[in-house]
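New to this one? Here is a friendly walk through it, a residue or a helix pair at a time.

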Amino acid sequence: MQQEVEKPSQGPQSQYQQGHQIPIEHHKKPGVQAEMEDPKPTSSQIPTEDNGYQTYKAAGKLSGKKAIITGGDSGIGRAVAILFAMEGASSLITYLPEEEKDAQETKRRVEKIGQSCLCFATDLRGKENCKKVVDKALENWDSIDILVNNAGTQTMIEDIKDLDEAQWESTFDTNIHSIFYISKYSLPHMKSGSTIINCASVNHYIGRPDLLDYSATKGAVVAFTRGLSNQQVKNGIRVNCVCPGPIWTPLIPATMNSSAQEQFSGTPMGRPGQPSEVATCFVFLASQDSSFISGQSLHPNGGVVING
């Protein structure tokens with residue numbers, strides 16, 4: 001098995017780690033990681049105590065596992081696919097057709113580690129497409145060990161009067177309805193020891209006013225996680241959630257205005273997080289290290305205190 005060493009740009013990355021303001025960028029939705037400027041998101045590098053980076057140290061925690069990862073082309077999804085691969089898991093990643101370039105880079109990196117990566121371009125707003133994702137996985141695997149519901153979208157709107165009803169519905173279709181459908185279609189092919197991990201956000205806890213529809217869907221994700229956990233725990237299937245704070249991913253320059261990006265480093269730690277720092281939470285929840293945890297949420301958010 002060959003590990004690829006990711007090399008973040010040392011100068012800007014070191015400053016960024018210490019709280020350096022991220023670059024202001026603006027890209028078209030849904031955002032492409034390959035087009036982002038330095039410092040680029042890191043997928044396999046973990047911060048060190050002295051503001052440097054080191055490669056994530058794997059321990060075979062997911063050896064032989066098969067994982068579906070929605071939104072696996074870039075950002076948090078890519079980091080999850082890569083860390084899962086380093087831990088021994090193969091994956092099927094979903095993404096939008098316009099994200100093909102990023103998806104192929106994720107596939108290349110996963111396969112260089114020595115694991116397989118199936119790519120499936122689709123729009124998860126349609127339940128028939130959610131069914132096709134599971135069917136695609138079962139064409140190649142006997143069962144599904146891990147389901148990571150990570151795909152999501154957001155659009156900044158300052159006031160409810162300007163929030164288009166079609167946008168409200170589309171955000172719910174992407175961020176919560178797809179989670180219901182893929183979970184429903186996957187569960188018959190999961191067994192005791194399997195895990196479902198959903199991706200929510202810090203925003204529904206703080207009630208971010210300019211992301212009303214997004215925040216509402218992420219609150220629904222947490223509620224869905226708790227209810228599904230209570231339903232499935234008797235079957236030995238654990239369901240948990242990760243609620244990231246500000247993370248430097250392609251979604252940020254593609255969906256946030258300049259003012260929001262200028263404030264993006266405003267965590268108690270003085271910096272946004274890297275996708276790799278969120279992906280470690282997914283590894284923990286997917287592995288037996290979290291064997292006594294279900295229906296819970298982890299909060300990689302830079303020190304924001306959450307009550308809820």
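Let's start with Glu-100, which counts as partly exposed at 30% relative accessibility. Keep in mind that what you see is a predicted model. Glu-100 belongs to helix α3, which covers residues 100-113. If you set aside residues up to four places away in sequence, Glu-100 touches Tyr-95 and Ala-121. You can also look across to Cys-119: in sequence Glu-100 and Cys-119 are 19 residues apart, and from C-alpha to C-alpha they are 8.8 Å apart in space.

**The overall picture**

Time to zoom out. The protein has 308 residues, and 56% of them count as buried. Its secondary structure adds up to 10 helices and nine strands. How do the contacts spread along the chain? Taking contacts between residues at least 6 apart in sequence, 78% join residues at least 24 apart.

**Two pairs of helices**

Next, have a look at how some helices pack. Helix α2 (residues 75-86) and helix α10 (residues 275-286) cross at roughly 55°, and their axes come within 8 Å. With an angle like that, α2 and α10 are oblique to each other. Their crossing is right-handed. On the α2 side, the contact is made by Gly-75, Ile-76, Ala-79, Val-80, Leu-83 and Phe-84. On the α10 side, Pro-275, Ser-276, Val-278, Ala-279, Thr-280, Phe-282, Val-283 and Ala-286 take part. Sorted by class, the contact of α2 with α10 holds 11 nonpolar residues and three polar ones, with no charged residues.

The other pair is helix α4 (residues 127-140) with helix α5 (residues 165-186), whose axes are 9 Å apart and which pack at an angle of about 40°. That angle makes α4 oblique to α5. The crossing of α4 and α5 is right-handed. From α4, the residues making the contact are Lys-127, Cys-130, Lys-131 and Val-134. From α5, they are Ser-178, Tyr-181, Ile-182, Tyr-185 and Ser-186. By class, the contact of α4 with α5 has five nonpolar, two polar and two charged residues.

One of the α5 residues deserves a visit of its own. Tyr-181 sits in helix α5 and is partly exposed, with a relative accessible area of 23%. Apart from its neighbours within four places in sequence, Tyr-181 is in contact with Lys-127 and Cys-130. As for Val-134, it is 47 residues from Tyr-181 in sequence, while the C-alpha to C-alpha distance between Tyr-181 and Val-134 is 9.9 Å.

**Two buried residues**

Is Asn-149 buried or exposed? Its relative accessible area is 2%, so Asn-149 is buried. You'll find Asn-149 in strand β6, residues 146-149. The side chain of Asn-149 is joined to that of Ser-183 by a polar contact of 3.3 Å. Not counting residues up to four places away in sequence, Asn-149 touches quite a list: Thr-70, Ile-179, Ile-182, Ser-183, Ile-196, Ile-197, Asn-198 and Cys-199. Among them, Ile-182 has already come up as part of the α5 side of the contact with α4.

Now for Ser-201, in the loop between β7 (195-199) and α6 (203-206). Although Ser-201 is in a loop, Ser-201 is buried, with a relative accessible area of 3%. Its side chain reaches the backbone nitrogen of Asn-203 at 2.9 Å. Which residues does Ser-201 contact, leaving aside its neighbours within four places in sequence? They are Tyr-214, Lys-218, Val-242, Cys-243 and Pro-244.

**A loop residue with a positive phi**

The last stop is Asn-51, in the loop between β1 (45-47) and β2 (53-55). Asn-51 is partly exposed, with a relative accessible area of 27%. Its phi is near 70°, a positive value in a residue other than glycine. Why point that out? Most residues other than glycine have a negative phi.

**Accessibility at a glance**

Here are the residues from the tour, side by side.

| Residue | Relative accessible area | Status |
|---|---|---|
| Asn-149 | 2% | buried |
| Ser-201 | 3% | buried |
| Tyr-181 | 23% | partly exposed |
| Asn-51 | 27% | partly exposed |
| Glu-100 | 30% | partly exposed |

Definitions and conventions:
Residues are numbered from 1 along each chain as its sequence is written. This is a predicted model: local features need pLDDT of at least 70, side-chain atom pairs count only at pLDDT 80 or more; totals for chains, interfaces and linings use all residues. Side-chain values use heavy atoms; hydrogens and water are left out. Helices (H or I, at least four residues) and strands (E, at least two) are DSSP runs, numbered from the N terminus. Buried means under 20% relative accessible area, exposed over 50%, partly exposed in between (1.4 Å probe, protein chains only). A polar contact is a pair of N or O atoms within 3.5 Å; within protein, one must be able to donate a hydrogen and the other to accept it, and residues adjacent in sequence count only if both atoms are side-chain atoms. Contact means heavy atoms within 4.5 Å. Axes are lines fitted to C-alpha atoms, for helices over the stretch in contact, and angles run from 0 to 180 degrees between N-to-C directions. Angles under 35 degrees count as roughly parallel, over 145 as roughly antiparallel, 65 to 115 as roughly perpendicular and the rest as oblique. A crossing is left-handed if the near helix is turned anticlockwise from the far one by less than a right angle, and right-handed if clockwise. Ala, Val, Leu, Ile, Met, Phe, Trp, Tyr, Cys and Pro count as nonpolar, Asp, Glu, Lys and Arg as charged, and the others, Gly among them, as polar.
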